[in-house]
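Colleague: Could you take a close look at a single part of this model for me, the place where the two chains meet, and then set it in its surroundings? I would welcome one connected account.

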Amino acid sequence: MERIPILRMGRQLLVTIQVDMHDQLALTLQDDLTRRIVADKAKGVLIDISSLDVVDSFIGRMISNIAAMSRVLDAKTVVVGMRPAVAITLVELGLNLEGVRTALNVEKGMALLQEADR
Amino acid sequence: MKANEKSGLAGILRAHEAEILEEWQKEQSAGQPRRDQLNDAEIRAASREFLGGVVEALNASGAVDMRSDAWSKVRDLLAELSASRARQGFSPTETATFVFSLKRPLFGLLRKEFANDAQKLGDETWNATILIDQLGLFTAETFQKTREQVISRQQRELLELSTPVVALWDDILALPLIGTLDSGRTQVVMESLLERVVETGASIAIIDITGVPTVDTLVAQHLMKTVAAARLMGADCIISGIRPQIAQTIVHLGVDLSAVTTKASLADAFAVALDRVGARIVKNAAPA
């Protein structure tokens, strides 16, 4: 089955979404990620959505949920690489992703996580 | 049934071309108040070419149907003429006069030609009327189309002009908004801001609303949307340039801006932004 890989970098987990997100894939990712946060004792999660050019309310909520779940498991979530069109769509959908930290690219996102972890 | 009659019209036009041109020229000059922008030679050339096209089309198609292929040359000529007049700021009447002033010379000629044949005169007059009406309608339509193009181009240019995004410092962008914010403009503002965030990698954007005349709930909502979208891209927004009057309005309307940093002036906002990116501006020590 198709899966989104989760990479570990020190105490952070790196998720790069490079395929078109569909609902089943998103649910699998939620499962995998929560399991990995616990198993790896991760302190931060970085989700790179720079290849994502279509979002709907489901995907938006899923990102929000992942952030909330990570927070419960004591890991901070940073969403990076959002495209302008995607940002506008999410705002128009009323999904402001409150409580999710964001950064322009992976580099800045990592810096943010490492600073928070220090 | 009408092939004979129509070729009659074409024949008359051809036979008396010079005469008609002369009369037409006079009519146009009389009905044309804006003599300064058109010279007689130009009118004459355009008229001759146009009349030639009409005769040719009448001969080729034998029917007065502006949509058929035979009339394409006439259509192009008319379109070019009315488009150029529309751009020069002529009124619809002034533009359509070109075609309608052909009526008097043409009808006069028909009357002379068929003085002894009332039946034929009626038929040909009818044909000529249809012809001129169609030409006139086409002219008006093209005129309007050109004007609409001009208007929409100006709107587009105004939109682009009114939403500049400037880089103030490494990592700091400023977006001075001038004029009313409606949803169409918000979209453009948002897009250009986000594009620039991606381009420059800026982490702070200052939205200056000094030039926004009124802030109502809708404008505030548009502002908040822009701020939210920028935040999703990892850029923090500061709203500056809030005039006293606007501060009062915002509070009276119950608009909640607590989620954003707001500053009274662009200078204050810039100071905050510099502080956040860890930069500092100091005055040179006074020379001894």
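**The helix crossing between the chains**

Modeller: In this predicted model, the crossing of α3(A) and α9(B) is right-handed. The two partners are helix α3, residues 84-92 of chain A, and helix α9, residues 217-232 of chain B, whose axes come within 9 Å and cross at roughly 130°. An angle of that kind falls outside the ranges that count as roughly parallel, antiparallel or perpendicular, which are under 35, over 145 and 65 to 115 degrees respectively, and α3(A) and α9(B) are therefore oblique to each other. On the side of α3(A), the residues that make the contact are A:A87, A:I88, A:L90 and A:V91, while α9(B) brings B:K225, B:A228, B:A229 and B:L232. Sorted by class, the residues of this helix contact are seven nonpolar and one charged, with no polar residue.

Turning from this helix pair to the contact between the chains, chain A gives 13 residues and chain B gives 14. On the side of chain B that touches chain A, at least two residues come from each of α8 (183-200) and α9 of chain B. It is α8(B) that provides the largest share of that side, with six residues. The side of chain B that touches chain A has eight nonpolar residues, together with four charged and two polar ones.

To place this in the setting of chain A, one can turn to its sheet. Five strands form an open sheet in chain A, in the order β1-β2-β3-β4-β5 and with mixed pairing. Its edges are β1 (6-9) and β5 (101-103) of chain A, each of which pairs on one side only. On average, and with direction ignored, neighbouring strands of the sheet are turned by 25° against each other. At the β1 edge, β1(A) pairs with strand β2, residues 12-16 of chain A, in the antiparallel sense and over four bridges; A:R8, for instance, has A:L13 in β2(A) as its bridge partner.

Two helices of chain A lie across strands of chain A. Helix α2, residues 57-72, lies across β3 (44-48) and β4 (76-80) of chain A and runs at about 155° to β4(A). Helix α4, residues 106-117, lies across β2, β3, β4 and β5 of chain A, and its direction is at about 170° to β3(A).

Definitions and conventions. Residues numbered from 1 in each chain as written. Chains lettered and ligands numbered in written order. Predicted model: local features only at pLDDT ≥ 70, side-chain atom pairs only at ≥ 80, totals over all residues. Axes fitted to C-alpha atoms, helices over the stretch in contact; angles between N-to-C directions. Left-handed = near helix turned anticlockwise from the far one by under 90°. Contact = placed C-beta atoms within 7 Å. Nonpolar A, V, L, I, M, F, W, Y, C, P; charged D, E, K, R; others polar. Pairing = 2+ DSSP bridges.
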